[in-house]
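Morning, everyone. Today is about helix packing. Please bring up the model.

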Protein chains: 2
Amino acid sequence: MLSTKKLRNWAVAAATVVAMPVMAQQHHAADSVTIRKMYDNALTSYESYENLRYLTKKIGARLSGSPQAAAAVEWSRQLMDQMGLDRVYLQEVMVPHWVRGDKEIGRIESGKKQTAEVKIAALGSSVGTGEKGLRAEVIEVLSLEELEKLGQEKVKGKIVFFNRPFNNAHVHTMHAYRDAVDQRGAGPVAAAKLGAVGVLVRSMTNDLQDVPHTGNTRYADGVAKIPAAAISTNGAEQLSKSLKSNPNLKFFMRMTCQTLPDVLSYNVIGEIKGSEKPEEIIVVGGHLDSWDLGEGAHDDGTGCMQSIEVLRLMRELGIKPKRTVRAVLFMNEENGVRGGRKYAEEAKAKGEKHIAAIESDAGGFTPRGFGIDGNDGQYAKVLAWKPLLAPYGLHDLTRGGGGADIGPLKGQGTVALIGFSPDSQRYFDYHHTEIDTFEQVNRREMQLGAASMASLVYLISEYGL
Amino acid sequence: MLSTKKLRNWAVAAATVVAMPVMAQQHHAADSVTIRKMYDNALTSYESYENLRYLTKKIGARLSGSPQAAAAVEWSRQLMDQMGLDRVYLQEVMVPHWVRGDKEIGRIESGKKQTAEVKIAALGSSVGTGEKGLRAEVIEVLSLEELEKLGQEKVKGKIVFFNRPFNNAHVHTMHAYRDAVDQRGAGPVAAAKLGAVGVLVRSMTNDLQDVPHTGNTRYADGVAKIPAAAISTNGAEQLSKSLKSNPNLKFFMRMTCQTLPDVLSYNVIGEIKGSEKPEEIIVVGGHLDSWDLGEGAHDDGTGCMQSIEVLRLMRELGIKPKRTVRAVLFMNEENGVRGGRKYAEEAKAKGEKHIAAIESDAGGFTPRGFGIDGNDGQYAKVLAWKPLLAPYGLHDLTRGGGGADIGPLKGQGTVALIGFSPDSQRYFDYHHTEIDTFEQVNRREMQLGAASMASLVYLISEYGL
């Protein structure tokens with residue numbers, strides 16, 4: 001069997017070859033060697049990938065408030081504890097506790113003997129239908145505006161079916177998501193205001209599939225809370241077609257989800273103290289919670305493992321960052337962002353000085369770049385590092401970025417909020433579904449992401465931002 | 001159900017948004033709109049993807065000389081025939097006809113009751129072991145050089161086990177392949193020269209897996225032909241470990257593969273005549289044959305479907321190329337490149353003027369760029385188009401490239417040989433195995449590749465090279 005050491009020797013040989021073109025450009029020659037070492041180590045190590053396997057397969061889905069979320073907190077705390085970091089700690093945060101209950105039932109009822117089961121999944125935070133379920137006519141709309149125009153007369157007593165698909169012409173799938181997700185977030189309130197009794201939302205995916213994609217929805221004070229579910233894209237196509245031939249068909253949905261009292265949970269934090277400016281903090285993070293349907297692999301097990309991997313790479317390669325590097329595994333991104341908000345509150349209360357926060361929450365896919373939400377100087381500084389990053393496929397250094405969990409830090413001093421951008425093509429095939437599993441993660445793609453984040457963290461740690 | 005037309009309307013809206021930054025740079029404003037239209041159409045069409053499904057699921061594996069290869073020829077000819085192209089034709093080529101025979105048996109025999117089955121697959125072109133199989137001691141080496149040094153005394157009568165792994169530190173996996181594949185291609189001859197009776201080669205993959213990766217090997221005149229098989233990477237690790245504890249263990253291998261007489265087969269060709277310079281030809285192609293183990297999805301069903309998609313996009317969008325655009329589905333890339341050689345021979349004999357040939361044979365993954373094997377002027381011209389291509393993730397416009405099937409065209413006039421470069425991370429997970437199946441292809445990634453190729457073909461057709 002070839003030892004890891006032997007594999008590493010091959011790596012060293014490769015380093016010499018690949019580092020040369022970068023060095024030739026005289027851009028921080030020593031930095032290019034350090035960065036190459038991080039990639040070499042990341043690409044030849046299986047530790048982070050095996051950790052992801054544990055998180056997804058042994059712990060599994062870990063929605064806020066669930067026993068599995070508690071297990072993930074304790075496991076990841078122990079994991080970082082064993083790494084010999086300068087500090088590992090938990091940060092208390094009260095989180096919502098929503099539970100799905102029984103597997104949902106969704107059925108198109110066109111006539112007495114004409115029924116068809118379709119796959120639905122309650123949206124996060126949704127109320128249930130009661131044990132007996134809900135049966136009503138369906139009104140299909142493509143937008144909140146279209147619903148508004150229909151008015152109370154056509155909506156009252158019905159299930160509103162939001163069926164605007166992803167615009168597949170977008171090259172970046174996140175743009176398609178942004179264009180469509182208002183239906184999921186704001187649809188139920190808009191429908192309830194007009195007297196609807198339930199909501200179905202076409203799943204947020206580019207693909208035509210049988211699996212429903214859950215995701216959070218929001219209710220508003222003073223507006224009736226009505227049950228809301230995601231319907232698979234194939235189911236949505238089927239329902240839309242059925243409505244064309246029989247506009248009076250009924251849809252039956254049964255969901256026993258409910259919201260229980262808030263639960264005490266934690267952000268899990270590990271850090272390496274800066275050797276020269278320990279008071280300047282660089283955060284690298286992902287979210288530890290996941291939806292309850294799959295294994296939370298790409299969303300966001302990979303982001304958490306990559307964040308820990310950044311610390312491991314620095315430790316293993318003997319890199320002593322000049323500024324403090326802190327990995328934060330945020331709790332409750334999916335249905336509340338309570339962890340992200342708590343982290344920012346405490347940072348403010350303690351007067352901590354964050355100079356940058358990098359979030360990985362777009363999947364463990366092959367790296368494309370970073371989105372930088374910062375001032376002109378910060379963006380220019382990152383752009384100046386492009387010769388060091390581009391050899392690893394990091395070409396997209398765009399303005400605007402960040403992420404849900406680091407968002408609450410915005411405005412604290414001059415912190416730059418940076419979103420890691422992996423390739424987006426496959427993300428919404430799996431996002432918030434039962435098929436977001438370990439098997440969908442490629443070790444190399446995930447590790448390239450970790451090395452990309454480590455490279456940027458290293459540069460910020462050396463030169464500030 | 002949302003009609004395709006409706007989806008296309010969404011696409012048009014998106015076109016306006018995305019085309020702007022490119023137009024603002026004043027680089028061929030009209031071209032940027034045309035390119036955007038090709039991406040819009042490709043990303044919202046399911047035709048090519050459904051064709052790939054047919055090729056992989058209904059026809060399946062299609063090694064040269066097999067009935068399935070004949071089916072693939074006839075099916076793809078009919079497919080292009082129905083597209084209303086200016087010309088669709090077959091080009092005769094005699095191809096090797098190697099057959100695998102029974103499923104191979106591989107077994108580590110450490111003692112009477114200590115045996116372990118490991119997965120092996122005969123290398124293409126290998127001779128068999130005879131019905132009774134072959135049993136011999138094993139000598140493990142990491143390179144041809146190491147084997148050479150061992151000499152006849154230590155090798156004679158044994159099975160040589162080439163076990164140098166992929167160097168995972170390479171960011172581009174193709175580099176790891178190039179570093180390792182000499183073991184598969186040249187190993188059997190080198191081993192036979194020293195009196196070995198068989199060869200095992202560690203599978204050409206970055207991953208640790210149970211599936212063996214086949215691939216072609218070569219014999220030499222005057223050197224004994226000995227049976228050669230790929231062993232899965234997990235099997236290789238196991239065998240290497242077993243040899244450490246018991247250097248005298250024996251390995252049993254049974255393979256009934258054989259080479260039958262050559263068979264008449266075909267390259268399948270379809271073209272759109274150039275409106276202004278029909279004599280200048282741009283080839284876009286992939287190879288229609290595949291290894292016999294899986295479905296030949298990424299290798300190279302996607303390349304074939306993308307090549308046809310280039311023609312479909314031009315037809316559907318009413319683009320009349322100024323120069324002739326020819327899609328070529330080459331036969332026999334995997335074990336002979338007879339189709340590629342025949343194509344170049346006939347081109348030369350007819351005095352055809354090829355100005356560029358683009359090959360897609362690195363998988364249907366998310367696009368990264370193109371590798372250009374051409375003169376300084378040709379490379380500079382492609383680089384000047386970068387502002388039109390980079391918005392679609394095509395940043396890697398590197399020198400050097402081409403491909404196996406278009407390689408024989410080299411030197412005919414000033415033809416530029418161009419290899420399409422998709423992201424390389426997952427290619428060798430599937431390459432030449434039973435898991436290179438339709439399910440591993442993401443529709444959007446494949447279609448982005450087709451649109452990337454169509455964009456470059458379009459630009460060359462407009463401006464020459």
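I will take two helix pairs in turn.

This is a predicted model: local features need pLDDT of at least 70, side-chain atom pairs count only at pLDDT 80 or more, and totals for chains, interfaces and linings use all residues. Residues are numbered from 1 along each chain as its sequence is written, and chains are lettered from A and ligands numbered from 1 in the order written.

Helices here are DSSP runs (H or I, at least four residues), numbered from the N terminus.

First pair. Helix α3 (residues 47–59) of chain A packs on helix α9 (residues 297–316) of chain A at about 140 degrees, axes 10 Å apart. Axes are fitted to C-alpha atoms over the stretch in contact, and angles run from 0 to 180 degrees between N-to-C directions. So α3(A) and α9(A) are oblique, meaning not under 35, not over 145 and not 65 to 115 degrees. Their crossing is right-handed: the near helix is turned clockwise from the far one by less than a right angle.

Who touches whom? On α3(A), the residues include Glu47(A), Asn51(A) and Leu55(A); on α9(A), they include Thr302(A), Met305(A) and Arg312(A). Contact means C-beta atoms, placed from the backbone, within 7 Å.

Second pair. α3(A) also packs on helix α4 (residues 67–81) of chain A, at about 155 degrees, axes 11 Å apart. These two are therefore roughly antiparallel. The crossing is right-handed. Asn51(A), Leu55(A) and Ile59(A) of α3(A) meet five residues of α4(A): Gln68(A), Ala71(A), Ala72(A), Trp75(A) and Leu79(A).

Methods:
Contact = placed C-beta atoms within 7 Å.
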